[in-house]
Amino acid sequence: MLLKLRYPVDYITITNEFKSNHQAIDLGWNRNYGGLNQNIYSPHDGIVVSVVDGRKNNLVNKNDAGNLVKIKHNNQLTTRLIHLLKDSIIVKEGNIVKTGDLIAKMGNSGYALGNHLHYNVYLNSEKVNPIQYTYAYKDQIISDNSKNKDQILYYNENIVDNYYIVKKNDTLSNIGNIYNISYQELAEYNDISNPNLIRIGQKIKIPIFNLSFILKEGSNGQSVKELQKRLNQLGYNLIVDGMFGRKTKKAVLDFQNKNNLIIDGIVGKETSNAIGWLYQSK
Ligand SMILES: [Zn+2]
């Protein structure tokens, strides 16, 4: 499952978009929201793999990233935050960081014509468009003047997008078998008109755990499996069989009790939010 990165600034305005000669997005500033030196936060949990500090603005060398922090989030995703304000970086190489942890302040070190954050996302070591992997959280502000405003993704803790990357000899039906979904459903969900035509490396979106519906005793299927997996990650010990029976209900009741929710054993919006939130923040 691909991590959902959080925008590294609370005031989001894209001033320069991703293109072949700019494989990042630039995020700008606003005097009302932190100004020239707004806070820069970690886009996800991770380990700091590289820090450069002490650099000044340098308009001579176009490749000068200035002060930077690079964070490895997992085996797939790494982010790099550059042009940071000199002496503002509060993490060191090897530090463990959490989503939203303060990292540094925005600056214009290196080759930067003004204060901004140049934000790179690497997927399997390749620079990819950050806008496709980064999400705006509820507490973040999106500027009306932002470029690509309509493409900015919103984080929704109710929906976890799972992707399957097609490997050699895969068919849509054997992928479906893994997830208990028919190939017809997968094809429809992915707008695939001919289920026989899938290619290696293609990302198949798996419709899992969309808790816009309610799960309760007697429910079954993939969503219940996801629920059981999540409960297990939260310390319960359920058999992941996709059947919402007495044991699953007992776990849900206990979770609701511990989290000051209505204790009814039914997983609706409040409970799924709570489960999603705890899952994300663990
Ligand atoms: Zn840039």
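Start with strands E1 and E13 (residues 134–136) of this predicted model. The two pair in the parallel sense over two bridges. Select Arg6 and then look across to E13, where Tyr135 is the bridge partner. Now add strand E15 to the selection: E1, E13 and E15 form an open sheet of three strands in the order E1-E13-E15, with parallel pairing. Strand E1 (5–6) and strand E15 (153–154) are the edges; each has a single partner strand, so one side of each is left without a neighbour in the sheet.

**The whole chain**

Zoom out. The protein has five helices and 17 strands, and its C-alpha trace spans about 65 × 50 × 35 Å along the principal axes. Of its 282 residues, 32% are buried. If contacts are limited to residues at least 6 apart in sequence, 60% of them join residues at least 24 apart.

Colour by pLDDT before going further. The average is 87, and 90% of the residues score at least 70. Over residues 277–282 the pLDDT is below 50, and this stretch has six contacts in the model beyond near neighbours in sequence. Where pLDDT is low, the predicted coordinates should not be read in detail.

**Strands E7, E8 and E11**

Select strand E7 (67–72) and strand E8 (77–84). A hairpin of four linking residues joins E7 to E8, and the two strands run antiparallel, joined by six bridges. Pick Lys70 to find one of these pairs: its bridge partner in E8 is Arg80.

Next add strand E11 (117–123). E8 also pairs with E11, again over six bridges in the antiparallel sense. Thr79 stands opposite Val121 in E11. Is E8 mostly covered, and how many of its eight residues are buried? Seven of the eight are buried.

**Two nonpolar cores**

Stay in this region and show the side chains of Ile40, Val69, Leu81, Leu84 and Ile103. In the largest nonpolar core, which has 27 residues, these five touch the most other members. The elements that give two or more residues to this core include E4, E5, E7, E8 and E11. Centre on Val69 and list what surrounds it: leaving out residues up to four places away in sequence, Val69 touches Val48, Val51, Leu81, Leu84, Ile89, Val91, Ile103 and Ala104. Apart from this core lies another, of eleven residues, among them Leu215, Leu227, Leu231 and Val252. In soluble globular proteins, nonpolar side chains tend to be buried together.

**Helix H3**

Leu227 and Leu231 lead to helix H3 (residues 222–233), where both are buried. H3 has twelve residues and reaches 17 Å from its first C-alpha to its last, close to the 16 Å expected at 1.5 Å a residue. The buried residues of H3 are Ser223, Val224, Lys225, Glu226, Leu227, Gln228, Arg230 and Leu231. Step just past the end of H3 to Gly235, which takes a positive phi of about 110°.

**Two loops with positive phi**

Most residues other than glycine have a negative phi. Select Asn169 for an exception: its phi is near 70°. Asn169 lies in the loop between strand E16 (162–165) and helix H1 (172–179). Asn169 is exposed, because 7 other C-beta atoms lie within 10 Å and the exposed class takes in residues with 12 or fewer.

Then go to Asp191, in the loop between helix H2 (183–189) and E17. Asp191 also has a positive phi, of about 55°, although it is not a glycine. Asp191 is exposed, with 7 other C-beta atoms within 10 Å.

**Ile204 and Tyr33**

Move into strand E17 (residues 203–206) and pick Ile204. Buried or exposed? Ile204 counts as buried because it has 20 C-beta neighbours inside 10 Å. Not counting residues up to four places away in sequence, Ile204 touches Tyr163, Tyr164, Val166, Ile175, Leu186 and Asn190. Draw a distance from Ile204 to Ile96, 108 residues apart along the chain: the C-alpha atoms are separated by 31 Å.

Finish at Tyr33, in the loop between strand E4 (25–27) and strand E5 (39–41). Tyr33 is partly exposed, with 16 other C-beta atoms within 10 Å. Beyond residues up to four places away in sequence, Tyr33 touches Asp10, Tyr11, Gln38 and Ile141. From Tyr33 to Thr15 the distance is 16 Å, C-alpha to C-alpha, and the two are 18 residues apart in sequence.

Notes: Residues are numbered from 1 along each chain as its sequence is written. This is a predicted model: local features need pLDDT of at least 70, side-chain atom pairs count only at pLDDT 80 or more; totals for chains, interfaces and linings use all residues. Two residues are in contact if their C-beta atoms, placed from the backbone, lie within 7 Å. A nonpolar core is a set of buried Ala, Val, Leu, Ile, Met, Phe, Trp, Tyr and Cys residues joined through C-beta atoms within 7 Å. Two strands pair if DSSP finds at least two bridges between them. The expected span of a helix is 1.5 Å times one less than its number of residues. pLDDT is the predictor's confidence in each residue, from 0 to 100.
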